[in-house]
Amino acid sequence: MCGIACAVGGDVDEMVAAMEHRGPDGRGFASVSNGDVEFSEESPSEGDVVLGHVRLWVRGEPSAIQPIVGEGRAVAVNGEIYNYRWFVEDAPSDSWAVFEVVRSVRDAAAALRILRGEYAFVAAFVDGTVVAARDPVGVRPLYYSVSAGGGIAVASERKALWAAGFPDVRRVPPGALLVLRDGRVELRNVVDIPKPRPGKSSWKDLLKVLQRSVLERVMETERVGVVLSGGVDSSTVARLASEHVDVRCYVAGFEGSDDVEVAERLCDEMGWPFVLVSLEDGFERYVVATVYAVETWNPMKVEVGIPILACAGAASDDGIRVVLSGQGADELLGGYHRHLRYCGDWDRFSWELWKDVASIHAVNLERDDKAAMYSSVELRVPYLDLDVVRVGLGIDPRENVSGPEDDLRKRALRRVAAELGLPEFVVERRKRATQYGSLTSKMLDKLVRELGIKRAVAKRLGYRSHKELFLRLVGKYLGFPWEAPSVEDVEKECARLGVDPEVSDFLEERVLTFDSCLKSG
């Protein structure tokens, strides 16, 4: 796992500096200029195209610094390629598979069809052409921006582009190529999520592909962490991983939260090491850190991101660099209550699942990646392996839901979990969204109200919720270029309601001092 920065007609210094957390184990640079491609350990002072890379060492040789340079091109990769030995038997790292395959723009398109993994890459060629892409599901983030002056940049995180003066940031779509050539930007769709073929597979097929997917994601590691909620999704992942490596389970929440109680009970029964990350103390710090990490003011994304960020931080403290999650099972297997409205219209049901998987990169995956990488931890998602997606979308919907009143859903996965010997209280546990199971939604509401920001204040200022208004203020004080009112306007509205606000104190004490908190961990 790493961070990528690329600039056409500029430098990458500020972008690389903004992503140090993504790569604490090394950095490298490459420049394309005057028909030459050169690697350097320090940022080049000039170049028609400049690539920067920060590395989190998970496997391969510790000295395998990127970008990889040679044969008229430079390639920088973020993520993991699980079938890399198909392309390079002996290589310093799995990223060399991308270098070997991507020799032209056409080859970059082929790479999206033949590479197995969770990845994003940027390649710069000696003629000045740049191509950028991310895996077909979009597990790893990648963004780009074009400035008013014609500058073009690509990076693994929005904040890197913001730091370099690119306020208008867009995501590179999963399974697509971004081609930069002669000052023009072109997007080409290459690979889509496999279309549903209901009835082509069963729960037994799901078990088989999940076993392989988990194995691929723990190979070449001795132990992994699991972000565990006690639900069937993450518990099944933990059970499968425990067959191959030492597993350490992490759950974050407040006293009395369902996720904490069920996860601890499960670990006791299965004999897995259990780590409780309490959010009681330092919740305000977690809120600010999560807004910074996941780059959003969306309350639900922040509420879900907090437990992931907290668990990844605890895993990092334990020396663990890879954690697994159950992300994607609900989208793939009909786990949400809203899916029940399509019971009976089974073609529509399957199509809704496909749409959920096709959009999960924007809804969940980018958030999860950045929440974990805040602590230099790589999050892997076995349910979103393309083979698992293909099999999952091939399960007859009636194997997953029994009817419009089904409170459990995901019944194919529950059969898998039972087959693996997970206890009944997990197999039969109803879904509870992370923000409710961990109590982060309730506690964020409490925090914002205690600061004096009521729903009526948000409504008067034109915002959908008091939480959104508060998180926008946090991001604005972090230096993010998004719209938010002034603190004076917020406090003025609070005063009209007879409330003595404490917003200024919070922003000064928790947000303006955030950089020092970040450096000290």
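Analyst: Two strands pair if DSSP finds at least two bridges between them; strands are DSSP runs of E with at least two residues and helices are runs of H or I with at least four, both numbered from the N terminus. The model is predicted: local features need pLDDT of at least 70 and side-chain atom pairs count only at pLDDT 80 or more, whereas totals for chains, interfaces and linings use all residues. Residues are numbered from 1 along each chain as its sequence is written, and side-chain values use heavy atoms, leaving out hydrogens and water.

User: What makes S7 and S8 a pair of strands?

Analyst: Strand S7 (residues 117-125) and strand S8 (residues 130-134) share five bridges in the antiparallel sense. The requirement is at least two, so they count as paired. Ala123 shows one such match, its bridge partner in S8 being Val131. S7 and S8 belong to an open sheet of six strands, ordered S5-S6-S7-S8-S12-S13 with antiparallel pairing.

User: Why are S5 and S13 called edge strands of that sheet?

Analyst: Strand S5 (68-70) and strand S13 (184-189) each pair on one side only.

User: What is the strand order in the sheet of seven strands, and which are its edges?

Analyst: The order is S3-S2-S4-S1-S10-S9-S11, in an open sheet with antiparallel pairing. Strand S3 (36-40) and strand S11 (170-171) are the edges, each pairing on one side only. Inside the order, strand S1 (residues 2-8) and strand S4 (residues 49-55) are antiparallel and pair over seven bridges. Ile4 stands opposite His53 in S4.

User: Why is Ser325 called buried?

Analyst: Its relative accessible area is 7%. Buried means under 20%, exposed over 50%, and partly exposed in between (1.4 Å probe, protein chains only), so Ser325 falls in the buried class. The residue is placed in the loop between strand S17 (322-324) and helix H10 (329-333).

User: What surrounds Ser325, not counting residues up to four places away in sequence?

Analyst: Ser325 touches Val237, Leu379, Arg380, Val381, Pro382 and Tyr383, where contact means heavy atoms within 4.5 Å. Within its own loop region, a polar atom of the Ser325 side chain lies 3.2 Å from the backbone nitrogen of Gln327.

User: Which residues of H13 are buried, and what do they pack against?

Analyst: In helix H13 (residues 411-419), the buried residues are Ala412, Leu413, Arg414, Val416 and Ala417. They pack against helix H5 (203-218), helix H6 (232-241), H10 and helix H14 (424-427).

User: Why is Arg432 classed differently from a buried residue?

Analyst: Arg432 has 41% relative accessibility and therefore counts as partly exposed. It lies in the loop between H14 and helix H15 (434-437). Leaving out residues up to four places away in sequence, Arg432 touches Asp258 and Gly437. The C-alpha atom of Arg432 is also 8.0 Å from that of Gly231, although the two residues are 201 apart along the chain.

User: How many aromatic pairs are there, and what makes the pair of Trp162 and Trp482 edge-to-face?

Analyst: The structure holds 13 aromatic pairs. For Trp162 and Trp482, the centres are 6.2 Å apart and the planes stand at 85°. Rings of Phe, Tyr and Trp (its six-membered ring) pair if their centres lie within 6.5 Å, and planes under 30 degrees apart are stacked, over 60 edge-to-face and the rest tilted, so this pair is edge-to-face. The pair links distant parts of the chain, 320 residues apart: Trp162 is in helix H4 (residues 158-163), and Trp482 is in the loop between helix H18 (466-477) and helix H19 (487-496). Both rings belong to buried residues, since Trp162 has 17% relative accessibility and Trp482 has 14%.

User: Why is the pair of Trp351 and Trp354 called stacked?

Analyst: Their ring centres are 4.7 Å apart and their planes lie at 5°, so the pair meets the stacked criterion. Trp351 and Trp354 sit three residues apart in helix H11 (residues 346-373), which means about one helical turn between them. Trp351, at 36% relative accessibility, counts as partly exposed, whereas Trp354, at 13%, counts as buried.

User: Which residues form the aromatic cluster that includes Trp162?

Analyst: Trp162, Tyr292, Tyr374, Phe480, Trp482 and Phe514 form one aromatic cluster.

Terms used
A polar contact is a pair of N or O atoms within 3.5 Å; within protein, one must be able to donate a hydrogen and the other to accept it, and residues adjacent in sequence count only if both atoms are side-chain atoms.
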